[in-house]
Number of protein chains: 2
Amino acid sequence: MILTSKNNPLIKETVSLKEKKGRKQLGLFLVEGVKMAVECQRSGLETDRVFIAQSYQGENPFPEEKTVTVSDDVFRFLSDEKTPQGILCRVKLPTPALKTPTGKCLLLDGVSDPGNVGAIIRTANAAGYREVYLTRECADPYAPKSVRASMSGLFFTELYIGEKADILAVLSDTPMIVADMSGENVFTFSAPKRFALVIGNEGNGISAEVSQKATHTVKIPMRETQESLNAAVAAGITMYALNKDEFIK
Amino acid sequence: MILTSKNNPLIKETVSLKEKKGRKQLGLFLVEGVKMAVECQRSGLETDRVFIAQSYQGENPFPEEKTVTVSDDVFRFLSDEKTPQGILCRVKLPTPALKTPTGKCLLLDGVSDPGNVGAIIRTANAAGYREVYLTRECADPYAPKSVRASMSGLFFTELYIGEKADILAVLSDTPMIVADMSGENVFTFSAPKRFALVIGNEGNGISAEVSQKATHTVKIPMRETQESLNAAVAAGITMYALNKDEFIK
């Protein structure tokens with residue numbers, strides 16, 4: 001059977017997952033594209049349905065009982081992509097309870113651009129930062145744009161979204177590193193074994209509450225004609241600089 | 001006098017600069033926002049006009065004879081921002097002839113996202129890469145989105161846009177470093193004094209013509225569950241890793 005109506009209740013429900021309200025109500029988020037679908041399946045996250053466009057010829061890593069075939073027109077309606085590949089799945093939203101980090105972790109303090117949030121999660125997974133804490137002021141990491149920018153990174157990291165005060169409480173015994181142009185050169189700084197690296201808001205930087213808890217301050221040195229970097233770029237340079245020992249053998 | 005009509009020839013001409021065709025015809029590009037306008041003026045680039053919204057209260061670094069005041073409505077028509085600040089200038093497009101690089105430089109080989117092009121130029125300026133070569137397949141660095149993402153970086157770097165073959169010709173004596181997962185760890189690699197670092201297309205990587213000219217291959221080491229990084233993030237990590245001596249004293 002091929003679903004051809006945008007008014008079908010399952011289709012309407014699934015479209016609502018593009019918005020935060022729908023994700024919260026249903027406890028699901030969307031993952032689109034064949035590579036992301038395969039990685040999602042590999043990660044062990046629970047998928048409840050997969051939608052396949054009628055003309056889709058690619059791989060479907062999910063069993064037939066979860067698969068729903070839809071017309072290409074309906075697929076475009078579900079999709080968040082300009083040129084949809086034809087596969088999209090609904091995945092159970094992980095809701096882990098806040099806990100103390102086990103190793104090096106990230107704290108996103110109001111990062112507001114979904115593309116930056118996704119790119120930072122992608123780099124966190126690559127660079128060995130397992131836990132990523134996000135204050136409620138951040139863009140939702142489960143929005144389609146963030147999921148896409150994370151390129152599977154969010155399937156393999158642990159994301160904790162919470163109130164700033166609650167996050168700071170579980171990080172109270174964790175050394176906290178913030179970036180500031182008055183800090184130590186990040187390329188010569190000796191990082192402690194465990195720490196939380198803080199990434200602030202694109203325009204306003206790190207909030208006062210988090211700044212107060214900082215135990216170390218580092219900077220990325222720059223030529224004098226440039227005073228800042230893109231948030232995701234700065235986060236990437238800093239994450240690798242602070243975890244270089246893992247990658248230099 | 002306050003311009004209030006979107007049909008005014010100067011306004012129509014200026015709006016055309018949002019598109020590549022208009023920029024090429026008039027030899028001008030747009031720079032928006034007070035910080036960018038001030039940096040642009042400081043850089044020595046030549047500005048022919050500055051447009052100020054009627055309600056704008058901020059700084060205008062340009063002389064009165066270049067200033068045109070427009071209604072807020074006309075300003076929104078000129079602007080590329082969701083929440084315009086109220087200042088926008090027209091700047092002469094630099095058109096330097098292709099030349100051999102003087103030190104460490106970048107070659108963007110088909111980077112197609114204007115946000116990535118801008119963010120890479122921003123990092124290049126910070127990290128000490130003066131010349132940036134862009135093949136014609138790249139997003140235009142003078143598009144409003146690239147200019148904004150470069151955060152003044154493009155005022156202080158030298159951008160050379162050209163045919164791939166012509167760029168490769170001026171780089172023929174320059175060691176060329178490409179990124180590939182088979183390469184040497186970028187954090188332990190000893191970079192030559194002069195080189196061109198190549199950044200490839202977001203989806204397809206580096207083109208065959210450029211690959212053939214590579215003299216060194218480096219990789220950013222990653223945890224196994226992540227196979228790639230965002231192009232601007234990867235470029236930033238690599239640029240700093242290859243020029244770390246400049247920043248470690």
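In this report, a residue is called buried when its relative accessible area is under 20%, exposed when over 50%, and partly exposed in between (1.4 Å probe, protein chains only). By that yardstick Cys138(A), with a relative accessible area of 7%, is buried. What you have above is a predicted model, in which local features need pLDDT of at least 70 and side-chain atom pairs count only at pLDDT 80 or more, while totals for chains, interfaces and linings use all residues. Residues are numbered from 1 along each chain as its sequence is written, chains are lettered from A and ligands numbered from 1 in the order in which they are written, and side-chain values use heavy atoms, with hydrogens and water left out.

**A five-stranded sheet in chain A**

Let us start with the backbone. Helices (H or I, at least four residues) and strands (E, at least two) are DSSP runs, numbered from the N terminus. Two strands are said to pair if DSSP finds at least two bridges between them. In general, strands of a sheet pair through backbone hydrogen bonds, either parallel or antiparallel.

In chain A, five strands make an open sheet with mixed pairing, in the order E1-E4-E3-E5-E2. Its edges are strand E1 (2-3) and strand E2 (28-32) of chain A, each of which pairs on one side only. E1(A) runs parallel to strand E4 (residues 67-70) of chain A, and two bridges join them. There, Ile2(A) has Thr69(A) of E4(A) as its bridge partner.

Strand E3 (residues 47-53) of chain A has five of its seven residues buried, so the rest of the structure largely encloses it. E3(A) runs parallel to E4(A), with four bridges between them, and Ile52(A) stands opposite Thr69(A) in E4(A). E3(A) also runs antiparallel to strand E5 (residues 87-92) of chain A, through five bridges. In this pairing, Phe51(A) stands opposite Leu88(A) in E5(A).

**Salt bridges**

Side chains of opposite charge can pair when their charged atoms come close. Here a salt bridge is a side-chain nitrogen of Lys or Arg within 4 Å of a carboxyl oxygen of Asp or Glu. Over all chains, the structure holds 32 of them. Three are listed here.

| Acidic residue | Basic residue | N to O distance |
|---|---|---|
| Glu81(A) | Arg148(A) | 3.7 Å |
| Glu158(A) | Arg130(A) | 3.1 Å |
| Glu227(A) | Lys35(B) | 2.6 Å |

What does the salt bridge between Glu81(A) and Arg148(A) tie together? Glu81(A) lies in the loop between helix H4 (72-78) and E5 of chain A and Arg148(A) in helix H6 (residues 144-150) of chain A, so the pair ties together parts that are 67 residues apart in sequence. Glu81(A) is partly exposed at 28% relative accessibility, and Arg148(A) is partly exposed at 32%.

The salt bridge between Glu158(A) and Arg130(A) also links distant parts of the chain, 28 residues apart: Glu158(A) is in strand E8 (residues 158-162) of chain A, and Arg130(A) is in the loop between helix H5 (114-127) and strand E7 (131-135) of chain A. Glu158(A) is partly exposed at 22% relative accessibility, and so is Arg130(A) at 45%.

The salt bridge of Glu227(A) with Lys35(B) joins two chains, because Glu227(A) lies in the loop between strand E11 (216-219) and helix H10 (231-242) of chain A and Lys35(B) in helix H3 (residues 34-43) of chain B. Glu227(A) is exposed, with a relative accessible area of 54%, whereas Lys35(B) is partly exposed at 47%. Salt bridges that share partners also join Lys99(A), Arg130(A), Glu131(A) and Glu158(A) into one network.

**Some individual residues**

Back to the cysteine: Cys138(A) sits in the loop between E7 and H6 of chain A. Its C-alpha atom is separated by 8.8 Å from that of Ile161(A), which is 23 residues apart from Cys138(A) along the chain.

Most residues other than glycine have a negative phi. In chain B, Met151(B) has a positive phi of about 40° although it is not a glycine, and Ser152(B), also a residue other than glycine, has a positive phi near 75°. Met151(B) belongs to the loop between H6 and helix H7 (153-156) of chain B, and Ser152(B) lies in the loop between H6 and H7 of chain B. Are these residues buried or exposed? Met151(B) is partly exposed at 30%, while Ser152(B) is buried at 6%.
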